Amino acid sequence: MKPIYLDYSATTPVDERVVSAMLPYFTETYGNPSSIHSFGQKADAALEGFRADVAHVLGCTPREIIFTSGGSESDNLALRGAALAAREKRGANRIFITPVEHHAIEKTAHDLADHYGFEIAYLPVDQTGTVMVDQLEQILDGRTAVVSAIYANNEVGTINPIAEIGKICRLKQIIFHTDAVQAAGVCDLNVDRLHVDLLSIGAHKFYGPKGVGALYVRKGTPLLPVQTGGAHENAQRAGTQNIPLIAGLTEALSICVEENPIYIPQHLRHRDLLISGVPGSIPGAVLTGHPVNRLPGHASFVIPGVDGNQLVIILDRMGYACSSGSACKTGSPEPSGVLLSLEIAPDLAMGSLRVTVGRQTTDEDIIGFLSVLPAAVEKARRQG
Ligand SMILES: *Cc1c(COP(=O)(O)O)cnc(C)c1O
């Protein structure tokens with residue numbers, strides 16, 4: 001039997017049309033966009049065309065888009081760049097993040113604290129992982145260098161009220177970043193509606209290639225570059241642009257915008273079958289994250305009495321690929337910090353299971369998964 005992929009939040013297959021869109025930029029339009037001859041001009045025209053297309057989706061100007069090597073780099077550039085610039089400009093040294101950030105933000109904030117003298121503070125979240133907006137007015141002040149809040153959580157799927165957080169930051173004149181890596185492709189990315197100054201995306205989460213992303217930087221946002229060298233990307237990210245990958249990111253994003261009306265209802269149907277089916281067949285299993293305000297393809301649970309990684313291995317042998325927490329943490333025996341921050345007990349947090357659906361998922365995949373899950377859980381419980 002062909003294995004069934006139910007881990008679209010970890011990464012997605014590259015759409016065939018995306019592959020086709022990338023190919024000419026390896027062998028035909030291969031010039032360096034910084035070169036002044038015709039080869040360079042042609043590559044530069046293509047690059048600026050892609051930038052304009054991405055800007056169109058985000059509702060910004062092309063100059064506000066910086067291409068990067070992926071979600072992690074975009075997050076690093078946003079947080080480091082804004083924090084260092086804010087300190088230089090106005091002495092602010094406090095970084096606000098949420099307790100439910102991806103490691104790309106969480107570890108970066110800790111690095112800024114451990115090695116650069118910044119102080120970390122947290123926006124409060126409730127038990128679904130949603131930022132409690134009504135408390136923000138009080139806690140954000142002039143010492144705040146930058147606020148970063150994840151748009152949609154990779155582990156529990158919860159979608160945050162980014163526009164509301166953004167409005168408060170704007171009122172207080174504090175730079176606001178959102179990690180939209182999970183949200184991109186399925187949620188609204190309009191930077192004005194969201195009231196964001198910085199927004200990160202990464203192509204491989206929306207059927208684009210790995211190793212390419214973008215950072216939106218609102219005009220006038222103070223940002224120190226992290227990677228220095230040539231004046232590429234508005235002098236904010238040195239390095240010759242990877243045009244084939246940028247072509248892929250752009251095509252993948254355009255396909256999402258065009259085809260979401262078809263795919264999102266399909267994702268929702270599959271997700272909701274899982275959300276009702278898993279607790280329905282596994283005693284004690286509970287949904288993690290928000291029951292409604294969550295990614296359309298994301299279902300996540302904690303299952304008492306199992307080790308999540310062990311369950312994932314058993315399910316894999318039965319032909320279903322899912323994950324326990326975020327892919328970056330697989331193999332580590334520690335319970336996820338995100339789940340602990342939602343007040344889930346450590347032993348229960350060890351039994352987390354994330355099932356994420358995508359374009360290739362069929363009704364049969366979900367039905368099949370739900371039919372093998374009870375035996376898999378039983379086996380994991382016996383082994384535990
Ligand atoms: C995947 C992911 C990242 C990292 O993106 P890469 O492109 O893999 O570096 C950052 N944040 C979130 C929320 C993610 O899901």
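In this short talk I will walk through the ligand surroundings, the cavities and a handful of individual residues of this structure.

Please keep in mind that this is a predicted model, in which local features need pLDDT of at least 70 and side-chain atom pairs count only at pLDDT 80 or more, whereas totals for chains, interfaces and linings use all residues. Residues are numbered from 1 along each chain as its sequence is written, and side-chain values use heavy atoms, with hydrogens and water left out.

Let me begin with the ligand. The residues around the ligand, meaning those with a heavy atom within 4 Å of it, are Gly-70, Gly-71, Ser-72, Asp-75, His-102, Ile-150, Asn-154, Asp-179, Val-181, Gln-182, His-204 and Lys-205. In the side chain of Lys-205, an N or O atom is 2.7 Å from an oxygen atom of the ligand, while a polar side-chain atom of His-204 lies 2.8 Å from a ligand oxygen atom. Gly-71 takes part through its backbone, where a polar atom is 2.8 Å from an oxygen atom of the ligand.

I turn now to the cavities. A cavity here is a set of points, on a 1 Å grid over the protein atoms alone, where a 1.4 Å probe fits but cannot get out, and its lining residues have an atom within 4 Å of a point; the volume is the space filled by probe spheres set on the points, which are joined across faces, edges and corners. The structure holds two cavities of 30 Å³ or more, and the largest of them has about 250 Å³ of space. Of the 21 residues that line this largest cavity, Gln-182, Val-186, Lys-205, His-267 and Val-357 are the closest to its centre. The lining divides into 10 nonpolar, nine polar and two charged residues, where Ala, Val, Leu, Ile, Met, Phe, Trp, Tyr, Cys and Pro count as nonpolar, Asp, Glu, Lys and Arg as charged, and the others, Gly among them, as polar. Helix 10, residues 243–281, gives the most to this lining, with four residues; helices (H or I, at least four residues) and strands (E, at least two) are DSSP runs numbered from the N terminus.

Next come some single residues. Which residue shares a polar contact of 2.8 Å with the side chain of Ser-148? The partner is the side chain of His-177, a polar contact being a pair of N or O atoms within 3.5 Å, where within protein one must be able to donate a hydrogen and the other to accept it, and residues adjacent in sequence count only if both atoms are side-chain atoms. Ser-148 is found in strand 5 and counts as buried because its relative accessibility is 0%, with buried meaning under 20% relative accessible area, exposed over 50%, and partly exposed in between (1.4 Å probe, protein chains only).

Asn-153 sits in the loop between strand 5 (144–150) and helix 7 (162–171), and at 1% relative accessibility it too counts as buried. Leaving aside neighbours within four places in sequence, Asn-153 has contacts (heavy atoms within 4.5 Å) that include Val-100, Gln-182 and His-298.

Finally, two residues other than glycine have a positive phi. Gln-173, in the loop between helix 7 and strand 6 (175–179), has a phi of about 55 degrees and is exposed, with a relative accessible area of 71%. Glu-233, by contrast, is placed in helix 9, has a phi near 50 degrees, and is buried at 4% relative accessible area.

How values were computed. 1 Å grid on protein atoms, 1.4 Å probe; cavity = no way out; pocket = protein on both sides within 12 Å on 5 of 7 lines; lining within 4 Å.
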